[in-house]
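Biologist: I should like to learn how the features of a model such as this one are to be read. May we go through them one by one?

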Amino acid sequence: MKLPYILSLLAMSCALVLGAPAEKKYKEDGCCDKAQKAGGKCEHPCCVKAEKDGKVCEK
Ligand SMILES: [Zn+2]
Ligand SMILES: [Zn+2]
């Protein structure tokens, strides 16, 4: 019975991916966090660049 084992592994990896809520994407009280809470996106060049790379600016 290997299938249930594989399914549980898949479920675990999915949980890890989904474990980080989108709201926690930006650093708390960072420029991007504030911009998102204000209903927009941070327009700092460093943040826009990080966003394009699928990352989050650490400032
Ligand atoms: Zn920013
Ligand atoms: Zn930035």
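Biologist: In which loop is Asp-29 found?

Modeller: Please bear in mind that this model is predicted. Asp-29 is found in the loop that runs between H1 and helix H2 (31-37). Its backbone deserves attention, since Asp-29 is not a glycine and yet has a positive phi of about 65°.

Biologist: Why does Asp-29 count as exposed?

Modeller: The class rests on a count of C-beta neighbours, and exposed is the term for 12 or fewer within 10 Å. Asp-29 has 8 such neighbours inside 10 Å, and therefore counts as exposed.

Biologist: Where does Lys-25 lie, and is Lys-25 buried or exposed?

Modeller: Lys-25 lies in the loop between H1 and H2. With 12 other C-beta atoms within 10 Å, Lys-25 is exposed. For the chain, 7% of the 59 residues count as buried.

Biologist: What separates the C-alpha atoms of Lys-25 and Val-56?

Modeller: A separation along the sequence and a separation in space are to be read side by side. Lys-25 and Val-56 are 31 residues apart along the chain, while their C-alpha atoms are separated by 7.3 Å.

Biologist: How many helices and strands are there in the chain?

Modeller: The chain has three helices and zero strands, and its pattern along the sequence is α-α-α.

Biologist: Where is confidence lowest, and where is it highest?

Modeller: Predicted coordinates should not be read in detail where pLDDT is low. Here, helix H1 (residues 3-18) has the lowest confidence, with a mean of 73, and helix H3 (residues 45-52) the highest, at 94. The chain has a mean pLDDT of 82, with 78% of its residues at 70 or more.

Notes
Residues are numbered from 1 along each chain as its sequence is written. Chains are lettered from A and ligands numbered from 1 in the order in which they are written. This is a predicted model: local features need pLDDT of at least 70, side-chain atom pairs count only at pLDDT 80 or more; totals for chains, interfaces and linings use all residues. Helices (H or I, at least four residues) and strands (E, at least two) are DSSP runs, numbered from the N terminus. A residue is buried if 20 or more other C-beta atoms lie within 10 Å of its own, exposed if 12 or fewer, and partly exposed in between; C-beta atoms are placed from the backbone. pLDDT is the predictor's confidence in each residue, from 0 to 100.
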